[in-house]
Amino acid sequence: MERLNLPPYNIRIRTSGGQNEIFDILRKRYVALTPEELVRQHFIHYLTEHMGYPEHLMQNEVELRCGQKRLRCDSLLYSRDGTPRMIIEYKAPSVSINSKVFDQIATYNILLHVEYLIVSNGINHYCCRMDYETGSFHFLESIPHYDEIRNKRQ
């Protein structure tokens, strides 16, 4: 397995039908173990175990619709009132984070209008906060702890 720039955790992997699977704590089931899925599971554990993000406010593989087009967010963090707060997009460690990746997450945000966007390939992690009053965004130096963002509203 690829070494990621995230804290280790007790990974639950099994083989089923000749395919490796990893346990997804948010979906409460095993899913196909791909390089991107490994990043997702590590990052979700980082957020929940080290950064205070509540599991019950997070969801993986969220389908969005824009007309007839179906899109899929890798992960969403919701506020306690059920509105989306953060979109998280994952890539395999071999995929570099570039403007195309940010274009993808920005497309999701047109529909969701969240405060925070995160992109990670397990090696590099980028977080930005949206400023809708000025129509801009600001990259943060690090991923904020949940306590820092839970009561902040624009």
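**Group meeting: pocket, cysteines and selected residues**

Start with Thr-48, which counts as buried because its relative accessibility is 16%, and the cut-off for buried is under 20%. Keep in mind that this is a predicted model. Thr-48 sits in helix H1, residues 35–50. Its side chain reaches back to the backbone oxygen of His-45, at 3.4 Å. Which residues does Thr-48 touch, not counting those up to four places away in sequence? Ile-25, Tyr-53, Glu-55 and Met-58.

Now move along to Leu-57. Leu-57 is in the loop between H1 and strand E4, and E4 covers 58–66. Buried or exposed? Leu-57 is buried, since its relative accessible area is 7%. Leave aside the neighbours within four places in sequence, and the contacts of Leu-57 are Leu-76, Leu-77, Tyr-78, Ser-79, Arg-80 and Tyr-146. One distance for this residue. Leu-57 and Arg-12 are 45 residues apart in sequence, and their C-alpha atoms are 22 Å apart in space.

Ser-79 was on that contact list, so take it next. Ser-79 lies in the loop that joins strand E5 (69–78) and strand E6 (84–90). With 8% relative accessibility, Ser-79 counts as buried. What does its side chain make a polar contact with? The side chain of Thr-83, at 2.7 Å.

Next, the pocket. The largest pocket has a volume of about 160 Å³. Three elements give two or more residues to its lining: helix H2 (99–112), strand E8 (125–131) and strand E9 (136–139). Which of them gives the largest share? H2, with seven residues. Here is the full lining: Ser-99, Phe-102, Asp-103, Ile-105, Ala-106, Asn-109, Ile-110, Leu-117, Cys-128, Met-130, Phe-137 and Phe-139. By character, the lining residues divide into nine nonpolar, two polar and one charged.

Cys-128 is in that lining, which brings up the cysteines. A disulfide is a covalent bond between the sulfur atoms of two cysteines. How many disulfides does the count come to? Zero. Cys-127 is in no disulfide, and the nearest cysteine sulfur, that of Cys-128, is 6.5 Å away. The cut-off for a disulfide is sulfur atoms within 2.5 Å. From the other side, Cys-128 is in no disulfide either, and its nearest cysteine sulfur is that of Cys-127. What about burial? Cys-127 counts as buried because its relative accessibility is 2%. Cys-128 counts as buried too, at 3%.

Last item: backbone angles. Most residues other than glycine have a negative phi. Two residues to look at here. Lys-28 is not a glycine, yet its phi is positive, about 60°. Where does Lys-28 lie? In the loop between strand E2 (19–24) and strand E3 (29–32). Lys-28 is exposed, because its relative accessible area is 55%, and the cut-off for exposed is over 50%.

Then Glu-61. Glu-61 also has a positive phi, about 55°, and is not a glycine. Glu-61 lies in strand E4. Its relative accessible area is 28%, so Glu-61 is partly exposed.

To recap. The largest pocket takes the largest share of its lining from H2. The disulfide count is zero. Positive phi values turn up at Lys-28 and at Glu-61.

Technical notes. Residues are numbered from 1 along each chain as its sequence is written. This is a predicted model: local features need pLDDT of at least 70, side-chain atom pairs count only at pLDDT 80 or more; totals for chains, interfaces and linings use all residues. Side-chain values use heavy atoms; hydrogens and water are left out. Helices (H or I, at least four residues) and strands (E, at least two) are DSSP runs, numbered from the N terminus. Buried means under 20% relative accessible area, exposed over 50%, partly exposed in between (1.4 Å probe, protein chains only). A polar contact is a pair of N or O atoms within 3.5 Å; within protein, one must be able to donate a hydrogen and the other to accept it, and residues adjacent in sequence count only if both atoms are side-chain atoms. Contact means heavy atoms within 4.5 Å. On a 1 Å grid over the protein atoms alone, a cavity is a set of points where a 1.4 Å probe fits but cannot get out, and a pocket is an open set with protein on both sides within 12 Å along at least five of seven lines; lining residues have an atom within 4 Å of a point. Grid points are joined across faces, edges and corners, and a volume is the space filled by probe spheres set on the points. Ala, Val, Leu, Ile, Met, Phe, Trp, Tyr, Cys and Pro count as nonpolar, Asp, Glu, Lys and Arg as charged, and the others, Gly among them, as polar.
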